[in-house]
Amino acid sequence: MKRFFYAGSLAAALAAGACLLGGCGGEEPAGAPPAPAAEAAAETPAKDPSVPRGQAAVHRGPDVKYSVPEGVSVLMYHMIGSETDNSAIMSAENLRWQMEYLRDHGYHPITMQELADYVTKEAPLPSKPVCITFDDGYEDNYTIVYPLMKEFGFPWTVFVITGSVGQPNRMTWDQLAEMADSQTVTIASHTVTHPRLHNLPPDEVKREIVGAQQALKEHLGIDNPWIAYPYGDYDETVDAIAKAAGIRLAVTTDAGRVHAGSYPYELKRVWIGNEVTESHYAERLTQDDYAII
Ligand SMILES: [Zn+2]
């Protein structure tokens, strides 16, 4: 398990050319030149060379306790925006209070790799684990979510429809490449065209899943092990094709939480719509039988 370490002195860290968590973005030493605004806004931990490209790294303090939890809520978000007639569109204000809630209540967002190790090996997780995911690859995931998660230091995952990249209101490959390089977000597959997979002949399912793998590799250099099935639509054939394409974990839209030993190709997620209140949110982070609203 990777842990960050504190620099003994910010000045020494800067002199050494390193920018370690706990220093950057905080107090500036006297006389230091002002940092560019984009860098000053967020702490920038040192890159972890052991983390595969396109995967988020974790940076946790040495006091965080690890154990095998009873369950994990994999939160499912989509678009951020101000439209109020679509519950799937979360306002930026609501997203922010939810991240503040996680921080203020001691939650530890985990990576897809940590989720996979928990599901398949009963690996310990940090206390109060939660997994944050976004589907579809909307542009706001770059303009709003990416900086917000950096600000909180939370790893998260975006499942991208590779055939939609660069279209209106979607992220571009350049934006995704910057994110892939940041180690703050995991970039994964949501197929090429977002079809209902179980309705398709197997060769088309293969084109959707393998095609997305190839696009992530070609444009971003990512060997991708994670997928979210569009509409949460899958069957055993879809699972088998995903497995053959190198996928190790698949998430659905079936409502519920994930447990050690859950079948890794049909993991449930917890819908977070714009109407979710703080009490709904608290319940969805902790209970398998949370109220469906
Ligand atoms: Zn989708």
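Tyr-231 is partly exposed, since 13 other C-beta atoms sit within 10 Å (20 or more would make a residue buried, 12 or fewer exposed, and in between is partly exposed, with C-beta atoms placed from the backbone). This is a predicted model, where local features need pLDDT of at least 70, side-chain atom pairs count only at pLDDT 80 or more, and totals for chains, interfaces and linings use all residues. Residues are numbered from 1 along each chain as its sequence is written.

Most residues other than glycine have a negative phi. Here are two with a positive value:

| Residue | Phi | Loop between |
|---|---|---|
| Gln-183 | near 60° | α6 (173–182) and β9 (185–189) |
| Tyr-231 | near 55° | β10 (226–228) and α8 (236–244) |

Helices (H or I, at least four residues) and strands (E, at least two) are DSSP runs, numbered from the N terminus. Gln-183 counts as buried, with 24 C-beta neighbours inside 10 Å.

Now for helix α9, residues 278–286: Tyr-281, Arg-284 and Leu-285 are buried there. Looking down the axis of α9, these buried residues fall within an arc of 100°, so they line one face of the helix (the arc is taken from the directions from the helix axis to the C-beta atoms). Among the elements covering them are β2 (73–77), α3 (92–104), β7 (129–136) and β12 (267–271).

How far can you trust all this? The protein chain has a mean pLDDT of 88, with 85% of its residues at 70 or more; pLDDT is the predictor's confidence in each residue, from 0 to 100. Over residues 1–32, though, pLDDT stays under 50, and over residues 34–41 the pLDDT is below 50 too. Where pLDDT is low, the predicted coordinates should not be read in detail.

Definitions and conventions
Contact = placed C-beta atoms within 7 Å.
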